[in-house]
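Here is a quick walk through one protein model, looking at its sheets, a cavity and a salt bridge. Have the viewer open and follow along.

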Amino acid sequence: MMMSPRKQPVRAGIYLRTSVDRSGKGDRIEDQRPICRDLAEREGWQVVQEYVDNDVKGHSRKATTGWAQLLADHAAGEIDAVVITDQDRLARGLDDFALLQTLGLKILTLAGVTDLATAEGVLRGGMSAIWAKAETMRKAERQKRANESRRTRGVPTSGRTPYGYTWIPMWKREERASIAAYELDADRAADVRAIFDAFLGGIPLGSIARDLNQAGKRTLPYKRKIDGERVEVPGAPFTPTTLRRMLMSPYYCARLPIPPEGGWPNGRYDQDLITVDQTVEGAWPAIVTVAEWEAACARLRHPERKTSPGPTRRWLLSGLAICGGQGKRDDAAIEARALERTGKSDAAELTPVELAEAAVALAEERCGMPIRAGGGEAGIHSYRCGSMAHFMRRGDPLDSFIERLVIARLSAPDAADLLVDRERPDAAALGAELTKLEAVRRELGDDRDEGLIGRPEYLRRLKRVDARMGEIRSKLEAGAAVEPLRDLVGVEDVRAAWDALPLGNRRAVIEVLMTIVVHSVGQGNRRNMPDAAMARTLSILWHR
């Protein structure tokens, strides 16, 4: 009697997937594993491999996923079937199902065996794939409606938290009976406040970034997936690009951007196009006012503003003072130019301001290039003409002389007169009026849509409302500008206050106070030049 060949057991691979990493929190991968092993044992299948996709979305089909390895092992003849809890763990759409059908896989789930090499298996599997696809679409629609509802209430969706805030998870918001998704991170919020103050005070982004980095500040760390593992990436040094994004972000004035009809271009909102009209009030604390945010945006969007500020300034006067050209200061030529400009006939009648204005005009004709710093790496700080043609002189004595001039001016009895009062006492009233006008603007749109007013009337009223809103915003933006001298005027020790300022702030003060023309010092040793001699190598036009 011939014995029939022994039947080989089905070699099965277990596929375990969860969309969200829940390690340490009732991990769903661990929930699925014993169920799948029990199913295989009951069916008499031999488990030869496990394929795990933890924290992997159902539509992800990257070559690094367990799903891709499972298909590769089946193609290599290493497994005959797959065990999963539900088919939608493996196939989330008809494309996935069509691929599995081509392979003729056997699939074992809690609902039983589906053999995709048979007509009945194709029918059952296809229906399951259609239901999974429909459920995915319904879930996406529910999520979209939920996001829209949250946005109208000023609640942002999860994502990268803005620097200066910490994210409040949903369970904690429920405990607090609050919808606020962000709370202030006190230290970093102070950094944001300082960044806006510095920028609105005229300090370049490169200087602000350098000062932050020297203070040991870094951007927020974040998590990303590397080789299938979620790892924390440390924060990076600040750059002008980083600061521009921060200054343009409406989140810092507690405003949430609202997508236009049809969604954002390329799926992300363009900061250069966002205005307060395209936002709603956010349910979290503001770090700056709306006026300050709009002032920063207006300055960054200004067409005359340089988009590439060049290298970060490391020295007090580099790029700030200008070259007078043609060697030493030419007093005779300056007097002649001043007489020509003023129409006076006697040089004795010329005022210091008229002479300084003439010196600047003459310097701009003869050269006028911003001076450059060099030699710092070798320990010899020096300045030279940007054209490299007219002068080169030691930088430390020149910096010290200018600093003494600034400190003396800010220590004078009339120093308070130097301040420009930028704050508006009517800021609160203007803000309230702006809020009312925004409501009027929305009501006009509703009246037009409901047919209560015609298009010509709508446009006429809208033009008037927009004109007034623009006028108010201009006033608020002007009031948001920061006075660079505010930390120096009226203090007991101006020298100590000056020394405490970052380099960018000192440069902003000098730019506000004066225009400096630098001339050659001539031949010979000029290391210990007295102030009177140093003054004869410069032409200074005081602005205040």
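What follows takes two small sheets in turn, then the cavity, then the charged pairs. Keep in mind that this is a predicted model.

**The sheet with S12, S16 and S17**

Let's start with an open sheet of 3 strands, ordered S12-S16-S17, where the pairing is mixed. Strand S12 (322-323) and strand S17 (538-542) sit at the edges with a single partner strand each, so one side of each has no neighbour in the sheet. S12 and strand S16 (residues 514-518) run parallel and are joined by 2 bridges. If you want a residue pair to click on, Ile322 has Val517 in S16 as its bridge partner.

Two helices lie on this sheet. H11 crosses S12, S16 and S17, and runs at about 120° to S17. Helix H16 (residues 503-513) lies across S16 and S17, at about 95° to S16.

**The sheet with S13, S14 and S15**

The other sheet is open too, with 3 strands in the order S13-S14-S15 and antiparallel pairing. Its edge strands are S13 (372-374) and S15 (392-394), each of which pairs on one side only. On average, neighbouring strands here are turned by 30° against each other, direction ignored. Strand S14 (residues 382-384) and S15 run antiparallel, with 3 bridges between them. Within that pairing, Ser382 stands opposite Arg394 in S15. Helix H12 (residues 395-411) packs on this sheet, where the helix touches S14 and S15 and its direction makes about 70° with that of S15.

For setting up views, here are the helix angles side by side:

| Helix | Strands touched or crossed | Angle |
|---|---|---|
| H11 | S12, S16 and S17 | about 120° to S17 |
| H16 | S16 and S17 | about 95° to S16 |
| H12 | S14 and S15 | about 70° to S15 |

**The cavity**

How many cavities of 30 Å³ or more are there? The count comes to 1, and the largest cavity has a volume of about 70 Å³. Which helix gives the most to its lining? That is H11 (residues 352-366), with 4 residues. The lining residues include Ala359, Leu362, Ala363 and Arg366. Among the others are Gly324, Gly325, Lys328, Arg329 and Asp330, as well as His519 and Ser539. By character, the lining splits evenly into 4 nonpolar, 4 polar and 4 charged residues.

**Charged pairs**

Side chains of opposite charge can pair when their charged atoms come close. The structure holds 26 salt bridges. One of them joins the side chains of Arg11 and Asp80, at 3.0 Å from N to O. Arg11 is in strand S1 (residues 11-18), while Asp80 is in the loop between helix H2 (66-75) and strand S3 (81-83), so this pair ties together parts that are 69 residues apart in sequence.

Key. Residues are numbered from 1 along each chain as its sequence is written. This is a predicted model: local features need pLDDT of at least 70, side-chain atom pairs count only at pLDDT 80 or more; totals for chains, interfaces and linings use all residues. Side-chain values use heavy atoms; hydrogens and water are left out. Two strands pair if DSSP finds at least two bridges between them. Axes are lines fitted to C-alpha atoms, for helices over the stretch in contact, and angles run from 0 to 180 degrees between N-to-C directions. Contact means heavy atoms within 4.5 Å. On a 1 Å grid over the protein atoms alone, a cavity is a set of points where a 1.4 Å probe fits but cannot get out, and a pocket is an open set with protein on both sides within 12 Å along at least five of seven lines; lining residues have an atom within 4 Å of a point. Grid points are joined across faces, edges and corners, and a volume is the space filled by probe spheres set on the points. Ala, Val, Leu, Ile, Met, Phe, Trp, Tyr, Cys and Pro count as nonpolar, Asp, Glu, Lys and Arg as charged, and the others, Gly among them, as polar. A salt bridge is a side-chain nitrogen of Lys or Arg within 4 Å of a carboxyl oxygen of Asp or Glu.
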